[in-house]
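Welcome, and thanks for taking a look at this model with us. Please keep the structure open beside the text as you read.

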Amino acid sequence: MPELPEVETVRRTLAPIVGATISSVWWSGKNLRLGKPLALPALRKASKGATFEAARRLGKYLILDLQDRPKSILVHLGMSGRFRHFPPGAPQPIHTHVEWGLTDGRTLRFTDPRRFGNVELVTRGRERDHASLGKLGPDPIDGVVDVSEFHQACSRTKRPIKVALLDQSLVAGVGNIYASEALWQANIHPKTPASKLSLRRCERLVIAVREVLERALMHGGTSLKDFVSADGHAGEHSHYLWVYDREDVACPNPECPGTIRRFVQQQRATFYCPRCQKH
DNA sequence: AGACAAACCTGTCTGC
DNA sequence: TGCAGACAGGTTTGTC
C-alpha cells in the first residue's frame, strides 16, 4: 500500500506538526527492518528539543527535517507501516514502535505490525549518500522523468518491464499496485523486456505512471488494509483501481471484451489484460 | 545480468 | 469451531 501516493498523502497530512517541538522519544524495543534494532540514543540526541521544520518525500521515503539540526528523521512504511500524529491523551495503538512526544501534548507515532518499515537518521543535504536513497530514480510527481533517459535506462536491461518498474532506479515510488495499473494504461504487457520498448512506448509509460500516481494521490491513496494518512484517514483509491486485484473481472476498457488475468512475477502478483496489453 | 528464493514480521482469509 | 497454509502494499541479500 504505501507507494508514492500513500507516502505523499502522509507527507501532506503531517503539516499540522510543522513548528511543533519534540520533548521525548520512545522505542518499543522491537527490531525493525531486517531485524535491526533502532539506534535509540542517536535518535534521541538528534531529535530531543528539536522543532519540526518540514516533511519531505524521496520516492517512498519520508524525511522529517528538524530546525537547526544536522540530522533528519528518515521513515519508510514498508508494507504495513503507519506514521500519524495524535491529539493529547490518545491511547497508544498496538504495534507502535517509535513515539515522539511533543511539548503541546500531542504525539507522533510510527506503528507497524509486520515491522518491514524503518525509522533511522540521515544527514541533511547528504541524503544521496544513503545507500537506498542514492539509488532512487527521478520522481514522477515532484520532478520530471526525462523520456529519453528513461528509454536509455530501459534499453540497458532485459528484465520484464513490470520487474524493472519495481526497482526504484528507473523511476522512484512505483510499487506493486501502480506498476500493474500504469502498464495497463500504457497498453504494455508486463512481461515485455524493458530493452524492447520503443521511445514512443516509453513515453506512453512515463505519462501513464505519472497519471496513475496523480489519480491515486487525488483520492488520498489506496487503502487495501493498513494504510491511513497522518491524520488517520483511509485512502479511497481502491475503488478506482483498473486491474490490481481484479482477476477474472472484465477489462475496464469499454471497447475490450477481455478479462483481467493474474500471474506471479518476482514473487509478486501482476494483473493485466491479455487483449489490451501487448509485447 | 537476471531468475529465484529467503529473510525480516503479523494479520487475515480460505479450505478442509 | 479450529487449525494449517497461503498470501499481503517493500526491500535486501544470497545462490545459481
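Here is a short tour of the domains, the core and the helix packing. What you see is a predicted model. Chain A is split into domain 1 (4–134) and domain 2 (147–272), and its largest nonpolar core draws at least three residues from each of them. Helix 7 (residues 199–218) is a good place to rest your eye, since this helix gives the core its largest share, eight residues.

**The two domains and where they meet**

- The centres of domain 1 and domain 2, taken over C-alpha atoms, are 28 Å apart.
- Contact between the domains involves 16 residues of domain 1 and 18 residues of domain 2.
- On the domain 1 side, the elements that give two or more residues to this contact are helix 1 (4–13) and strand 5 (82–86).
- Helix 1 supplies the largest share of that side, with seven residues.

**The nonpolar core**

- The largest nonpolar core holds 66 residues, and Ala182 and Val209 have the most contacts inside it.
- Which residues does valine 209 touch, leaving aside those up to four places away in sequence? They are Pro140, Val171, Val174 and Ala182.
- Ala182 is also among the buried residues of helix 6, so the next group follows that helix.

**Helix 6, an enclosed helix**

- Helix 6 (residues 176–185) has 10 of its 10 residues buried, so the rest of the structure largely encloses it.
- Its buried residues run from nonpolar ones, including Ile177, Leu183 and Trp184, to others such as Asn176, Glu181 and Gln185.
- The cover over these buried residues includes helix 5 (161–165), helix 7 and strand 10 (268–272).
- Just after helix 6, asparagine 187 adopts a positive phi of about 60 degrees.

**Helix 7 and its partners**

- Two packed helices are described by the angle between their axes and by the distance between those axes.
- For helix 4 (residues 147–155) and helix 7, the axes come within 9 Å and cross at roughly 115 degrees.
- Helix 4 and helix 7 are therefore roughly perpendicular to each other, and their crossing is right-handed.
- Helix 4 makes this contact through Val147, Ser148, Phe150, His151 and Cys154, while helix 7 brings Leu199, Cys202, Glu203 and Val206.
- At what angle do helix 1 and helix 7 pack? The angle is about 40 degrees, and the axes are 8 Å apart.
- That angle makes helix 1 oblique to helix 7, and this crossing is right-handed.
- In helix 1, Leu4, Pro5, Glu8 and Thr9 meet Leu213, Ala216 and Leu217 of helix 7.

**A look at arginine 44**

- Arginine 44 sits in helix 2 (residues 40–47).
- Is arginine 44 buried, exposed or partly exposed? With 15 C-beta neighbours inside 10 Å, arginine 44 counts as partly exposed.
- Arginine 44 and tryptophan 100 are 56 residues apart along the chain, and their C-alpha atoms are separated by 9.5 Å.

Key:
Residues are numbered from 1 along each chain as its sequence is written. Chains are lettered from A and ligands numbered from 1 in the order in which they are written. This is a predicted model: local features need pLDDT of at least 70, side-chain atom pairs count only at pLDDT 80 or more; totals for chains, interfaces and linings use all residues. A nonpolar core is a set of buried Ala, Val, Leu, Ile, Met, Phe, Trp, Tyr and Cys residues joined through C-beta atoms within 7 Å. A residue is buried if 20 or more other C-beta atoms lie within 10 Å of its own, exposed if 12 or fewer, and partly exposed in between; C-beta atoms are placed from the backbone. Helices (H or I, at least four residues) and strands (E, at least two) are DSSP runs, numbered from the N terminus. Domain bounds come from an automatic or database domain assignment. Two residues are in contact if their C-beta atoms, placed from the backbone, lie within 7 Å. Axes are lines fitted to C-alpha atoms, for helices over the stretch in contact, and angles run from 0 to 180 degrees between N-to-C directions. Angles under 35 degrees count as roughly parallel, over 145 as roughly antiparallel, 65 to 115 as roughly perpendicular and the rest as oblique. A crossing is left-handed if the near helix is turned anticlockwise from the far one by less than a right angle, and right-handed if clockwise.
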